[in-house]
Amino acid sequence: MFAVATSGRAQLLTANTLTAFDPTYSFNNGVQLTNFGATQTFSNISSITDLTLRFVTESTTSFSTTSMSYAFGSWTGSSPGTPMDVGNFDIADSATWAAAGAYKYLDVTFDLSSVAGSLTPATTYGLSVFRNLAAADFRLAQAIGGDATYADGTGYASPGGFSFGGLDPASPINGDFAFQGAITPVPEASAVSVLFAGLFAGTMVFVRTRRRRVVESAPACA
């Protein structure tokens, strides 16, 4: 029972596909944001505190700070639902990006604690990024691993998606983007069943042990 409870606590507030980041693969398969909007979805979660997305470009590419837009909201199938937070963010100039061989990358963190601190687990949510005007040639990095990288979501690409409503229709990218976030998943039904079974067994052991001790401590009849 202790092991199950400890495992459940360890799984909270963790989601990371950055470990499946390969610069070449991520650039060749990532969404080119000059032409597309990009969305990473999340299901079976109760909160997102923050989320970091990784962007990638070729090492020879040079550009100044670029303004982008983002939106967080509900997501149904391959279409955006209701926006909960919409705003702008800056992509730093290329000279500040981290080197990765023939490529370089930049991590951008979105603070979602004020809008995603309490979510409905039955609803799917998505964080989308898209350009305001003309953007430089960088891409939202895709993680290696296909659909198995992150079990409770997937990535989408939306041609001409330059606003939250314009992200429809979107096409799945057969995988996930490279991200890391403080995300609280809802335990699977099987895990909950195991936990309750452990609690029940532990309670029965406690009750039986207590009864035995009561009997043993009772005075013997003459």
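Two strands are said to pair if DSSP finds at least two bridges between them. The model used in these exercises is a predicted one, and residue numbers follow the chain as its sequence is written, from 1.

**Exercise 1. Confidence**

Find the two stretches, residues 1–12 and residues 189–207, and state what pLDDT they have.

*Solution.* Begin with the chain as a whole, which averages a pLDDT of 82, with 77% of the residues scoring at least 70. Next, turn to residues 1–12, where pLDDT stays under 50 and for which the model has 10 contacts beyond four places in sequence. Then go to residues 189–207, where pLDDT again stays under 50 and for which the model has 6 contacts beyond four places in sequence. Finally, recall how such stretches are to be treated: where pLDDT is low, the predicted coordinates should not be read in detail.

**Exercise 2. A sheet and its edges**

Work out in which order the 6 strands of the open sheet follow one another, and which strands lie at its edges.

*Solution.* Step one is to write down the order of the open sheet, which is β6-β5-β9-β3-β11-β12, with antiparallel pairing. Step two is to look at the ends of this order: the edge strands are β6 (79–91) and β12, because each of them pairs on one side only. Step three is to follow β11 to its partners. Strands β3 and β11 run antiparallel and are joined by 5 bridges; among the residue pairs involved, Gly-37 has Ser-158 in β11 as its bridge partner, and Phe-36 has Pro-159. Strands β11 and β12 also run antiparallel, and here 2 bridges join them, with Ala-157 finding its partner in Ser-171 of β12. The count of 2 meets the limit of at least two bridges, so β11 and β12 qualify as a pair. As a last step, consider how covered β11 is: 4 of its 5 residues are buried.

**Exercise 3. A salt bridge between strands**

Explain which parts of the chain are tied together by the salt bridge of Arg-54 and Asp-107.

*Solution.* First, establish the contact itself: Arg-54 forms a salt bridge with Asp-107, in which the closest N and O atoms are 2.7 Å apart. Second, place the two partners, for Arg-54 lies in strand β4 and Asp-107 in strand β8 (residues 103–111), so the pair ties together parts that are 53 residues apart in sequence. Third, compare their surroundings with the cut-off, since buried means under 20% relative accessible area. Arg-54, with 10%, is therefore buried, whereas Asp-107, at 33%, counts as partly exposed. Fourth, list what else surrounds Arg-54: leaving aside neighbours within four places in sequence, its contacts include Leu-18, Phe-21, Tyr-105, Arg-139 and Ala-178. Last, note that the count of salt bridges comes to 2. Asp-137 and Arg-139 also meet in a salt bridge, at 3.9 Å from N to O; Asp-137 is partly exposed at 28% relative accessibility, and Arg-139 is buried at 15%.

**Exercise 4. Backbone angles that stand out**

Identify what is unusual in the backbone at Asn-44, at Asn-174 and between Asp-168 and Pro-169.

*Solution.* Start from the general expectation that most residues other than glycine have a negative phi, and that most peptide bonds are trans. Asn-44 has a positive phi, near 55°; this residue sits in the loop between β3 (36–42) and β4 (45–58) and is partly exposed, at 37% relative accessibility. Asn-174 likewise has a positive phi, of about 60°; it belongs to the loop between β12 and β13 (179–185) and counts as exposed, at 51% relative accessibility. Asp-168 and Pro-169 are joined by a cis peptide bond, with omega about 5°, and Pro-169 is found in the loop between β11 (155–159) and β12 (171–172).

**Exercise 5. Side chains and distances**

Determine what the side chains of Ser-79 and Thr-66 reach.

*Solution.* Take Ser-79 of strand β6 to begin with. The side chains of Ser-79 and Asp-168 are joined by a polar contact of 2.9 Å. Ser-79 also lies 6.8 Å from Leu-167, C-alpha to C-alpha, although 88 residues separate the two in sequence. Now take Thr-66, which lies in strand β5 (residues 66–76) and is buried, with a relative accessible area of 9%. The side chain of Thr-66 reaches the backbone oxygen of Ser-64 at 3.1 Å.

Technical notes: Predicted model: local features only at pLDDT ≥ 70, side-chain atom pairs only at ≥ 80, totals over all residues. Heavy atoms only, no water. Buried < 20%, exposed > 50% of the residue type's maximum accessible area, 1.4 Å probe, protein only. Polar contact = N/O pair within 3.5 Å; in protein donor to acceptor, adjacent residues only side chain to side chain. Contact = heavy atoms within 4.5 Å. pLDDT = per-residue confidence, 0-100. Salt bridge = Lys/Arg side-chain N within 4 Å of Asp/Glu carboxyl O.
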